[in-house]
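Okay, thanks everyone for squeezing in. I'll walk you through one chain, and you can follow along on the screen.

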Amino acid sequence: MQGVRQNSALLQKMQYSKQTHSSVSSVECYVCGKGIHDGHSITAKTLQNGVVLFCDVHYPLQ
């Protein structure tokens, strides 16, 4: 067949399986225990023994 253009397509069904594991804990200052529920902002700081959270009052002191 001259002059007839044929379109071909390849259809493929792909499935992705991604499992995410997470944990949630309260966000509180390491020093005073206050958090965002008390009206404070919380900042994370990485120290030698891990990640520590500080409120806006105690972060400048560390």
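Let's begin with contacts, meaning heavy atoms within 4.5 Å. Of the contacts in the chain with a separation of 6 or more, 17% come from residues 24 or more positions apart.

Two bits of housekeeping. This is a predicted model, where local features need pLDDT of at least 70 and side-chain atom pairs count only at pLDDT 80 or more, while totals for chains, interfaces and linings use all residues. Residues are numbered from 1 along each chain as its sequence is written, and side-chain values use heavy atoms, with hydrogens and water left out.

Now the secondary structure. We get zero helices and two strands, taking DSSP runs numbered from the N terminus, H or I with at least four residues for a helix and E with at least two for a strand. β1 and β2 (residues 50-55) run antiparallel, with six bridges joining them; strands pair when DSSP finds at least two bridges between them. Together they make a hairpin, with two residues between the strands. To get your bearings, find Thr46, which sits opposite Val51 in β2.

What about burial? Of the 62 residues, 11% are buried, where buried is under 20% relative accessible area, exposed is over 50%, and partly exposed is in between, using a 1.4 Å probe and protein chains only.

Next, His40, in the segment before β1 (42-47). This one is buried, at 18% relative accessible area. Its side chain makes a 2.8 Å polar contact with the side chain of Asp56. For that, we want a pair of N or O atoms within 3.5 Å; within protein, one must be able to donate a hydrogen and the other to accept it, and residues adjacent in sequence count only if both atoms are side-chain atoms. Ignoring neighbours within four places in sequence, His40 also touches Cys55, among others.

So, how many disulfides are there? Zero, with the cut-off being a pair of cysteine sulfur atoms within 2.5 Å. Cys32 is in no disulfide, and its nearest cysteine sulfur, on Cys29, is 3.8 Å away. Cys55 isn't in one either; the nearest cysteine sulfur is again that of Cys29, at 3.7 Å. Cys55 is buried at 0% relative accessibility, whereas Cys32 is partly exposed at 34%.

Last stop: there's one aromatic pair. Phe54 and Tyr59 meet edge-to-face, 6.3 Å centre to centre with 65° between the planes. Phe54 is buried at 6%, and Tyr59 is partly exposed at 30%. The rule takes rings of Phe, Tyr and Trp (its six-membered ring) with centres within 6.5 Å; planes under 30 degrees apart are stacked, over 60 edge-to-face, and the rest tilted.
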